[in-house]
Every structure is written in C-alpha cells, then in structure tokens.
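Visitor: I am new to this structure and would like a close look at a single part of it. Please begin with a sheet and then place it in its surroundings.

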Amino acid sequence: MAEALRNKTNHAEHPEGEVLLEVKNLKKYYPISNGMFGKTKGYVKAVDDVSFSIKRGTTMGLVGESGCGKTTIGKTILRLTDKTEGEVKFKGIEIHDLSKKDLRAIRSHIQIIFQDPYSSLSPRLPVGEIIGEAVREKKLVPKEDFDDYISQIMLDCGLQVYHKDRYPHEFSGGQRQRICIARALALNPEFIVCDEPVSALDVSIQAQIINLLKDLQDKYKLTYLFISHDLSVVEHISDTVGVMYLGNLVEYADKNSIFKNPLHPYTKALFSAIPIPDPDVKGDRIILEGSIPSPANPPSGCKFHTRCSYVMDICKEEIPGMIFIEPGHQVACHLYTGEK
Amino acid sequence: MNNKNIFSKLFKRDNDKVVAKSVNYISGKELRKISKENRRITDALEKKRERKNVPESEYITQMRDPNNIVEVEGLQTYFFTDIGVVKAVDGVSFDVPKGKTVGIVGESGCGKSVTSLSMMQLVQRPQGQTVGGTIKFNVGDHAVDIANIPTEKMQKIRGNEISMIFQEPMTSLNPVFRIGSQINEVIELHNEEFSKEEVKNRTIEMLKLVGIANPDGVYEMYPHELSGGMRQRVMIAMALACTPKLIIADEPTTALDVTIQAQIMDLLRQLKSKINSSIMLITHDLGVIAEMADYVVVMYAGRVIEKGTASEVFHQASHPYTVGLMESKPSSNRKVERLYSIPGSVPNPVNMPNYCYFKDRCDKSIKACEGPYPPLTFLSDTHAVACYRYMDNEEVSNG
C-alpha cells in the first residue's frame with residue numbers, strides 16, 4: 001500500500017472530489033502528571049472526538065479561539081504528536097499505523113507551514129539549503145537537475161534565484177513565509193497543513209501570501225487544511241469551514257452556508273465579533289461573557305453551556321452529537337435536535 | 001551613502017534589495033564614522049535635556065484650538081543607530097479633540113508606536129531623540145510642549161494626565177507583584193494625600209469599573225493567575241486609575257482572540273463615555289479603527305499620508321496606499337475572487353528615497369511623483385492627503 005505512495009505521484013491522474021484526508025473520532029489527550037513520579041491525575045482534552053473529511057483540491061478552514069485544539073489537530077494529522085484514539089486516514093491509509101520507513105515516505109505528501117516565520121527557519125542554513133535539504137535527502141530529483149528544481153520552486157513562491165545563498169535573517173516576515181511555503185512545496189506534496197500562516201504578517205503582506213497560496217493551489221492542485229483565528233481570511237480562502245470550541249468541532253459546513261446561516265450560538269457570536277472595516281455598519285454584536293474554560297476541567301454536557309445565551313437544562317447534562325441540518329451542514333447543538 | 005547610488009546603478013532589476021544589502025555591509029571605517037557623528041549629536045541633545053532650571057518659556061505655549069487635548073505639529077523622532085539615522089517619525093501632525101477617539105493605522109514599522117512613545121516621552125534615549133516639532137498638551141488655561149518639557153515635569157503628567165495601555169498584556173504586568181499593589185503604586189504616586197485605605201478602595205473601584213467580577217479576589221492575585229483578557233482589563237484599570245485626559249491605547253486587542261477583543265472594545269467605548277477622556281487608538285486592524293474611531297490618521301514610513309474623519313477615510317479613501325490597504329483586507333461585506341496586494345515592501349528606513357516614499361509601490365503614480373515628497377493637500381476641512389494626484393486643482397497647503 002505504502003509502496004505505491006513512495007513512487008512519485010502525478011496529481012493529474014487523480015479525479016477531483018475524491019476524499020483525500022479523513023479524520024474520524026480523533027481524540028488527543030495530554031496527561032497532567034502530579035509531582036516527581038508523574039502520577040497522572042487527569043487529562044487535558046485538547047482534541048475530543050473530532051471528525052471531518054477533506055476532498056482533493058479543496059481548502060478546509062479551521063477556526064476557533066486560542067487553546068481550542070486547532071494546532072493539535074494539524075500536528076496529529078502529520079503525526080508530529082501521537083493520537084489517543086480515532087482515525088487519521090490519508091488516501092485511505094491510517095497514518096498512525098505506518099512503520100517508520102513508510103511514514104518517512106508519506107511525509108513528503110503531507111507538509112506543514114508553521115505560524116511564526118521568524119522561528120521556524122534555521123538561522124544557520126542558507127535559503128537554498130533550507131528548501132532543498134529534504135529534496136536531496138529523499139532523492140526526488142537527479143543531482144544535475146537539483147539546482148534548476150530549487151530555482152523553479154523559489155520563482156513559483158515569489159523569491160528571486162539569487163536569494164539562494166542568503167540566510168533567513170536577511171529577509172522580512174513576508175519573504176520568510178514565502179521560504180516556508182517553498183520548503184513545503186519542494187517535496188511535491190498533495191496536502192499542506194497551513195497553521196496560521198498569515199497571522200504574524202501585516203495586512204498588505206497577508207494579501208500577497210494568501211494570493212500566493214491560492215495560485216499554488218490552482219497550479220499544483222493542492223489540498224489545504226487552513227488553520228486560523230482570523231475569520232475573514234478563512235472566509236476568503238476556504239471551501240468548507242469547521243468551527244472548534246474547547247476540543248470539539250461545534251459546526252462544520254460549506255463556506256457559503258456557514259457564513260450566511262451560522263447555526264451554533266458560538267459560531268454566531270464568533271462571526272458577529274469580526275470588526276467590519278466600515279464606520280457606518282454597526283452590526284448587532286453578541287458579546288460572550290467570560291473566557292474559555294480550562295480544557296483540563298471542561299464543563300459537563302455541552303462545553304459551551306457556561307457562556308451560551310440559549311442554554312437549556314439538557315445542555316448541562318448531555319453532550320450534543322453532530323446533527324445534519326442540510327446536506328453539507330452539520331452542527332453540534334441541542335437547539336436543533338428537534339428539527340431532525 | 002555613495003555606495004547606494006553605485007549599487008542601484010549596477011543592479012537595476014531589484015533596486016531596494018541591493019540597497020538593503022549595501023546597508024547591511026558597512027565597512028568598519030564607515031561604521032566608526034557614523035557612531036562618532038551620532039555620539040556628537042545625541043550628546044548635544046542629552047546635554048540640552050539634562051539642564052537644570054529650564055526656563056518656562058521653553059515649554060509653555062498656547063493651544064491653537066482650546067477644544068483639542070493634544071496638537072502634534074511636525075513631530076520628528078529619529079533613532080541614531082550604527083547603520084545610520086532612522087527617521088522613525090518624520091514630520092507628523094495631527095490633533096486629538098476633547099472626548100473623541102483618534103485612530104492611528106499603519107503597518108508595522110510605520111512609526112505609529114514611536115509617535116505614541118514620543119507623546120509619553122518614553123522613547124529609548126539616548127539613541128532615540130525627538131529632534132523637532134511640538135506636542136502641545138492642553139492642561140487647562142495653557143498648554144505644555146511635551147517634546148521640550150523637562151523630565152521631572154513630565155513625571156507629573158505621565159500616568160496622571162496621559163496614560164498608556166500597552167500592546168502585550170502578558171508582558172506589561174510585573175510578574176512578581178500582586179495586581180493590587182501594581183495599581184496602588186500608580187494611585188499613590190500621583191495622589192500623595194490619599195491614605196492607604198483610600199488607595200485600596202480606589203483600586204478596587206477601578207477593577208470593578210473595568211468589569212472584573214471579583215475585584216477583591218483579583219486584588220490579591222498575581223498576573224499569571226489571570227487570562228489574557230483579564231490582564232488587559234487590569235492594564236486598562238491601571239491606565240484609568242488617575243482619570244487621565246488622554247488614554248493612548250497601543251494595539252490593545254492585537255494579542256487577544258476575537259471574542260475577547262469584542263469585549264475589550266465594548267469596555268473601552270463604555271469607559272470613554274463614562275470618564276469623558278480622549279482615546280488615541282493605535283492599531284493595524286482597519287476593522288477595529290472603523291468601529292472605534294471618530295478621526296483616522298493613516299501613517300506610512302514615518303509620515304502621515306492621509307487623515308480625516310472615519311467616514312471620509314473609509315468611504316473616500318484617496319491615497320493609493322489607503323485604498324490598497326483597504327482592498328487587501330478580506331472582508332465579509334465585500335466578495336472578491338482575488339485579493340488586491342500592494343506590490344513590493346516598505347523602503348529601508350535608513351535610506352529613504354527623496355521622492356514620495358510610496359512611489360515605487362504605487363500603480364497610480366504620475367510624472368509629478370518624481371518631485372520632492374508631497375505636502376498634505378486638504379480635500380475638505382478635515383480630510384487631508386499627501387499625494388500629488390490631488391494637488392492640481394486643489395488648494396495646496398503645507399499643513
């Protein structure tokens with residue numbers, strides 16, 4: 001199975017609409033150890049029973065407040081951390097069951113772009129080496145084509161060829177993020193996890209990077225998982241959007257249907273909190289009281305019930321399941337239980 | 001500086017990159033020369049600042065308009081670094097009217113934070129110096145010039161009449177002191193007649209004012225026990241403790257989540273009407289500005305490129321940079337297939353060009369743009385823009 005993956009893939013062969021990544025009931029608990037001998041006294045439920053799937057060539061946006069488990073999902077998909085329970089299937093292959101050798105092979109198909117371009121590049125390597133290191137290691141291209149290959153990737157990402165011999169400190173934030181993108185792209189991946197790739201950048205540079213990601217997606221038929229807390233960016237780039245709260249996916253739908261018709265009270269509050277750059281538009285803002293509860297000791301029942309203005313008795317006792325409201329729109333909230 | 005010309009002639013294709021390189025590689029001889037020159041300038045400025053018994057005539061002035069709380073005119077704050085002089089703020093002018101919110105917007109490095117630090121006299125000396133311009137602050141019947149006021153007089157104003165909310169609530173509170181004692185300190189310093197009991201009551205009252213549910217509990221807590229939003233509330237309480245006339249909020253919500261950001265902005269708006277002070281809001285988020293500000297100042301590379309009321313700047317954005325900035329922000333009330341992105345990046349602050357700083361990134365530049373940096377042109381009484389495209393048939397002013 002993994003043998004097929006190790007061969008260089010030709011993306012054009014694959015039909016669109018095929019499910020590339022499937023995450024089912026994924027759980028990731030971090031133990032809280034007590035004292036010197038590490039007796040486990042509880043768990044931080046960073047990701048608690050999350051399911052979604054991403055089709056080839058599309059972008060899924062994942063939004064939520066800090067500490068809700070967005071990044072943990074990204075890391076678990078790449079197997080940078082081990083899962084606690086559940087499935088992560090890339091092209092039908094369970095990533096967490098692969099042997100070390102097969103994992104190395106599959107990693108070139110799944111890449112990640114990290115949040116902070118200032119700390120995710122090695123300060124001791126020149127840019128050409130940062131981008132090309134993995135390519136050489138995996139012998140993706142013959143030795144004599146190596147230089148041309150790296151140059152081509154750099155040009156694709158808006159870098160100049162003569163940047164190859166420079167070091168990361170000589171670049172601005174936006175350019176560093178381009179280097180990170182080039183590094184991910186150099187391995188000819190099919191799927192890229194973008195973990196807040198633009199939140200450290202200025203607005204005008206943000207637009208450049210978002211446009212670059214979109215262009216590359218069209219050119220190489222890439223699939224993205226786009227993690228961000230900036231809802232307007234997610235709205236712009238995504239095809240489907242998942243909203244997370246305290247380790248749970250509370251709403252998951254197509255972009256248009258979720259932004260036109262948000263159902264979960266948390267999604268509504270989150271969307272209404274986006275400031276609109278127009279002084280005459282005064283939206284009806286739903287202001288959530290208090291702050292996000294501790295994931296080590298989450299509230300019973302629906303985790304959002306402590307801050308929800310529609311709270312009912314059932315919310316405090318029973319964990320709501322995912323309910324399909326319409327095709328491609330699911331929500332985890334007791335308010336909609338009766339409608340189905 | 002001759003290097004720059006030679007380099008740009010040699011490598012026409014990517015001018016600014018090569019200039020940046022020539023700045024990064026300065027010979028030791030040049031470096032020593034620059035340091036020596038800097039030392040001479042900063043020593044002279046420091047000497048002037050450290051004089052005893054500065055005559056009052058040097059810093060007491062009159063406001064242009066008594067309804068303004070602050071009038072900044074031609075402010076120049078330079079940093080004398082070893083690679084050359086960085087003109088972080090170069091000729092910035094704007095007014096803050098009483099009881100209004102003025103938003104300052106721009107990208108990182110455009111000088112918005114340095115402007116606010118200059119207004120607090122908190123620029124890192126001796127490298128950073130306010131070398132020109134005036135900052136008139138209204139103290140009732142007369143005004144003081146913060147740019148020239150002696151330090152001991154400034155200490156009476158700072159924290160008492162002008163206070164500041166800093167960007168990162170995580171790092172701007174001292175981790176080894178309790179919340180209560182940190183706020184007490186501000187009140188004690190500016191109100192010597194208060195007894196200990198009164199100070200504590202005032203602190204708890206302030207904590208209540210900013211919406212902290214159990215002020216007595218928080219009074220005894222250390223900063224690490226609070227979440228980001230709570231810490232920002234504490235910072236706001238500290239800033240409001242002496243009922244200042246002007247609050248400078250330097251990116252107060254940037255480090256916070258959107259839902260917490262909404263809470264904090266709501267709080268600031270409520271407090272402004274409650275204590276009737278002016279707010280100077282510094283941010284790079286156009287959405288926050290649109291929601292909070294009455295007047296907007298747009299800065300680019302140390303200069304004001306456009307200013308006006310919020311509706312003028314947002315609905316009749318005139319400077320190509322302002323237009324670009326607004327179009328590059330994805331927004332839910334405006335759907336586009338592809339975001340507009342401003343090409344290039346901000347010029348190197350050590351070697352600013354002698355024409356319009358935005359010309360190299362501007363897609364609307366005309367022939368006149370090759371001339372010297374454009375002065376502000378007034379489009380209406382309040383709306384001004386620094387761009388040659390508006391200078392032909394409009395009244396030209398050096399404002």
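In what order do the 4 strands of the open sheet in chain A lie, and is the pairing parallel or antiparallel?

Guide: The model is a predicted one. In chain A, the order across the open sheet of 4 strands is β2-β1-β4-β5, and the pairing is antiparallel. As a general point, strands of a sheet are joined by backbone hydrogen bonds, in either a parallel or an antiparallel manner. Two strands of chain A form the edges: β2, residues 39-55, and β5, residues 93-94. Each of these edge strands has a pairing partner on one side only.

The β5 edge can be followed down to single residues. Strand β4 of chain A covers residues 85-90, and its antiparallel pairing with β5(A) runs over 2 bridges. In one of the residue pairs, A:K89 has A:E94 of β5(A) as its bridge partner.

Now for the chain around the sheet. Chain A has 11 helices and 12 strands in its secondary structure. Its radius of gyration is 21 Å, close to the 20 Å from the globule rule for 340 residues, so chain A is as compact as a globular protein of that length. Along the principal axes, the C-alpha atoms of chain A occupy a box of roughly 70 × 55 × 50 Å. Of the 340 residues in chain A, 43% are buried. If contacts in chain A are limited to residues at least 6 apart in sequence, 65% of them link residues at least 24 apart.

One of the helices shows where some buried residues sit. Helix α4 of chain A spans residues 127-138, and its buried residues are A:V127, A:I130, A:I131 and A:G132. These buried residues pack against two other helices of chain A, α5 (146-156) and α6 (173-185). Just past the end of α4(A), A:K139 has a positive phi of about 50°.

Chain A also meets a second chain. There, 34 residues of chain A are in contact with 38 residues of chain B. On the side of chain B that touches chain A, at least two residues come from each of α10 (258-275), α11 (286-292), α12 (310-315) and α13 (320-327) of chain B. The largest share of that side is supplied by α10(B), with 7 residues. Sorted by class, the side of chain B that touches chain A holds 14 nonpolar, 16 polar and 8 charged residues.

To return to the part you asked about, β2 and β5 of chain A are the edge strands of the sheet, and β1 and β4 stand between them in the order.

Note on methods. Residues are numbered from 1 along each chain as its sequence is written. Chains are lettered from A and ligands numbered from 1 in the order in which they are written. This is a predicted model: local features need pLDDT of at least 70, side-chain atom pairs count only at pLDDT 80 or more; totals for chains, interfaces and linings use all residues. A residue is buried if 20 or more other C-beta atoms lie within 10 Å of its own, exposed if 12 or fewer, and partly exposed in between; C-beta atoms are placed from the backbone. Two residues are in contact if their C-beta atoms, placed from the backbone, lie within 7 Å. The radius of gyration is taken over C-alpha atoms; the globule rule is 2.2 Å times the number of residues to the power 0.38. Two strands pair if DSSP finds at least two bridges between them. Ala, Val, Leu, Ile, Met, Phe, Trp, Tyr, Cys and Pro count as nonpolar, Asp, Glu, Lys and Arg as charged, and the others, Gly among them, as polar.
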